[in-house]
Amino acid sequence: MSSNRRDFLKKSGFLAATAAFASAPAFNAIADDENRIKNPSEHKLPELPYDYDALEPVIDAKTLHLHHTKHHRGYVNGLNKAEAEIALAQSKKDYSLVQYWSRKLAFHGAGNFLHTLYWNSMSPDGGGTPPVKLLDRIKIDYGSFEKFKEYFFSVAKKVEGSGWGVLAVRLSDGKLLTLQVENHQKLTVWDAIPIMTIDVWEHAYYLKYQNRRGDYISAWFDVVNWKNAEDNYLAALRAAKAQHKKPLSNSPLKRGED
Ligand SMILES: [Fe+2]
């Protein structure tokens, strides 16, 4: 609910009046529908954790500004629109366009999530190697950090068309997976939690690198925020532990860090 609308309702006494009916199920249902239609969750464009020129020369300021303020904002708006339309359809019990809006929800919702993760996967102080807990797991699953980088590079470079390279943790066993994502939502592994990602849509690199996606990915390793990736890795392991009621094999959480 917008602050203007809330202020108006407060001043008009509407909220006090409706409180008296709070125990009436029918009224609550109507109010719930009204709120969901008029006030979807209102996802907001997150601020970047650094300035637009902070990742120069790897990511130029013009690309980063356009990417954040135009492309990411478009996915945020698309997600809000999809959720409002779905709420409206539920209220009207009119599901004629449910397939269309379900697809929009997946596309824009995943786009919003992955872009937020992408911003946090980079840092002006990035690059180098991961902290030890994530590095240990990389060595288990890929043999060495260099072998991981080689594989991640290849997966991201060979995404067909627009998409992402994603490093994820599989909740069932804690294994790291390097995933190829088409658009924002295709080729998903459902029990894998993304912890780091690179956007390989052309809008992420074309102004500076033109068609040289490989050059962009190679340079991008110099700004990867490995500390953030490890924080996400440990958070995913806590989620896995909660889901499976016990630590996974090879998990650093066994040392009582949860
Ligand atoms: Fe993007």
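Here is a short walk through this predicted model, from its overall layout to its cores, one helix and a hairpin.

Let us start with the whole chain. The protein has 258 residues, of which 26% count as buried. Its secondary structure consists of 10 helices and 3 strands. If you follow the chain from the N terminus, the order of elements is α-α-α-α-α-α-α-β-β-β-α-α-α. Contacts often reach across the sequence: among those between residues at least 6 apart, 66% join residues at least 24 apart.

Now to the interior. The largest nonpolar core holds 41 residues, and the members that touch the most others are Leu167, Val169, Ile195, Ile198, Ala229 and Tyr233. Two or more residues come from each of these elements: helices H5 (98-120), H6 (132-142), H7 (145-157), H9 (213-220) and H10 (226-244), together with strands S1 (163-170), S2 (176-182) and S3 (192-199). Helix H10 is the leading contributor to this core, giving 7 residues. Both domain 1 (31-120) and domain 2 (132-255) take part, each supplying at least three residues to the core.

Ala229 is a good residue to click on here. Setting aside neighbours within four places in sequence, Ala229 is in contact with Ser121, Pro130, Leu134, Leu167, Ile195 and Met196. Two of the core members named above, Leu167 and Ile195, are thus among the contacts of Ala229. Apart from this core lies another one, of 6 residues, including Val76, Leu79, Ala82 and Ile86.

Helix H5 deserves a stop of its own. Is its length what one would expect from its residue count, or not? With 23 residues at 1.5 Å a residue, H5 should span 33 Å, and because its end C-alpha atoms are 33 Å apart, the two values agree. The buried residues in H5 are His108, Ala110, Gly111, Asn112, Leu114, His115, Tyr118 and Trp119. Those buried residues of H5 pack against helix H4 (61-92) and against strands S1 and S3.

That brings us to the strands. S1 and S2 pair in the antiparallel sense, over 7 bridges. To find your place in this pairing, look for Ala168, which stands opposite Leu177 in S2. The two strands, S1 and S2, form a hairpin with 5 residues between them. In the turn, Gly174 has a positive phi of about 80°. As you look along the strands, remember that side chains in a regular strand alternate between the two faces of the sheet.

Technical notes: Residues numbered from 1 in each chain as written. Predicted model: local features only at pLDDT ≥ 70, side-chain atom pairs only at ≥ 80, totals over all residues. Core = buried A, V, L, I, M, F, W, Y, C linked by C-beta atoms within 7 Å. Buried ≥ 20, exposed ≤ 12 C-beta atoms within 10 Å, placed from the backbone. Helix = DSSP H or I, 4+ residues; strand = E, 2+ residues; numbered from the N terminus. Domains from an automatic or database assignment. Contact = placed C-beta atoms within 7 Å. Expected span 1.5 Å × (residues − 1). Pairing = 2+ DSSP bridges.
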